[in-house]
Amino acid sequence: DGVLLSHGHVDHFDQRSMMDLPRNVTVYLPRDPELATKLSAEGFSKLKVMEPNTPFQIGNTRLLPTGSRGDDEVGIVFSDASGSAWNQVDTATNHDMAADVAEFLGKELDVVFCPFNPLLEWAKTWVSEEDFPEERYQRLMEAAISTHARTVVPSSSGQRMTGDLEWMNPRCFPVSREQFLTDLKDVAPEIGGLIVNPGDGVRINH
């Protein structure tokens, strides 16, 4: 029915994957001229720009794009009669966005997929900081709590070094998904947490 692209970074927009799709499929994308140019060059003719906080509908599913620091990146809220989910992807969110989502839904958010690793926000911190970035980590935790979701899934920025490079994790990727959920339970025990791996599904059952 449609393809939703959050932004143009290679870990979210893979041109080889797009080549497997029919060129007449509707592609929803953020306001990113470079991404639009790439898609047009590959023959995709139905491009629709998603504007933050401007809802639209695909079939029975209502969708609300959510913003970030710039126009070239969006998250998305999915909602239908069975439930709701907010995939924040890599976006930076705040209380105002969470309030907009709550107003859009008119009910409690079921699931939020959110960023959880503080160092990935600014690549320069990989080499310029030695201490754990407590303030940024608290902001990510607060952003997750402000959604008032029933269940939090730490998802974006989940990379880890392995093998001979594992020693770099405290600097590059200092927080694991498990640690994030442990800390979340300490400060907001009413919120559930879930670890989801690529290929897994989430079923909302009331």
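## Helix H5 and what follows

Just after helix H5, His148 takes a positive phi of about 55°. Keep in mind as you look around that this is a predicted model. His148 is not a glycine, although its phi is positive. You'll find His148 in the loop between H5 and S9. With a relative accessible area of 57%, His148 is exposed, because the cut-off for that word is over 50%.

Now step back into the helix itself. H5 covers residues 134-146, which makes 13 residues. How far apart should the ends of H5 be, at 1.5 Å a residue? The expected span is 18 Å, and the end C-alpha atoms are indeed 18 Å apart, so the two values agree. The buried residues of H5 are Arg136, Tyr137, Leu140, Met141, Ala143, Ala144 and Ser146. Here's a handy rule for reading a list like that: an α-helix has 3.6 residues a turn, so residues three or four places apart point the same way.

## The sheet

Next up is an open sheet built from seven strands. Going across, the order is S4-S5-S6-S7-S8-S9-S10, and the pairing is mixed. Which strands sit at the edges? They are strand S4 (56-58) and strand S10 (192-193), each of which pairs on one side only.

Let's zoom in on the S4 end. S4 and S5 run antiparallel and are joined by three bridges. Across this pair, Gln57 stands opposite Arg62 in S5.

At the S10 end there's a helix to look at. Helix H7 (residues 177-187) lies across strand S8 (111-114), strand S9 (151-154) and S10. The angle between H7 and S9 is about 150°.

## Thr66, a residue in S5

Strand S5 takes in residues 61-66, and Thr66 is part of that strand. Is Thr66 buried or exposed? It counts as buried, because its relative accessibility is 5% and the cut-off is under 20%.

So what does Thr66 touch? Not counting residues up to four places away in sequence, the list is Pro52, Glu73, Val74, Gly75, Ile76, Val77, Trp86 and Val101. With Trp86 there is also a polar contact between the two side chains, at 3.1 Å.

## Some loop residues

The loops have a few residues worth a visit too. Start with Thr26, in the loop between helix H1 (15-18) and strand S2 (27-29). Thr26 has a relative accessible area of 16%, so it counts as buried. Leaving aside neighbours within four places in sequence, Thr26 is in contact with Asp1, Gly2, Val3, Lys46 and Lys48.

Asn53 is in the loop between strand S3 (47-49) and S4. Its phi is near 65°, a positive value in a residue other than glycine. How much of Asn53 is accessible? The relative accessible area is 41%, so Asn53 is partly exposed.

Last comes Phe173, in the loop between helix H6 (169-172) and H7. At a relative accessible area of 8%, Phe173 is buried. Try finding Phe173 and Asp71 together in the model: they are 102 residues apart along the chain, and their C-alpha atoms are separated by 26 Å.

Note on methods
Residues are numbered from 1 along each chain as its sequence is written. This is a predicted model: local features need pLDDT of at least 70, side-chain atom pairs count only at pLDDT 80 or more; totals for chains, interfaces and linings use all residues. Side-chain values use heavy atoms; hydrogens and water are left out. Helices (H or I, at least four residues) and strands (E, at least two) are DSSP runs, numbered from the N terminus. Buried means under 20% relative accessible area, exposed over 50%, partly exposed in between (1.4 Å probe, protein chains only). A polar contact is a pair of N or O atoms within 3.5 Å; within protein, one must be able to donate a hydrogen and the other to accept it, and residues adjacent in sequence count only if both atoms are side-chain atoms. Contact means heavy atoms within 4.5 Å. Two strands pair if DSSP finds at least two bridges between them. Axes are lines fitted to C-alpha atoms, for helices over the stretch in contact, and angles run from 0 to 180 degrees between N-to-C directions. The expected span of a helix is 1.5 Å times one less than its number of residues.
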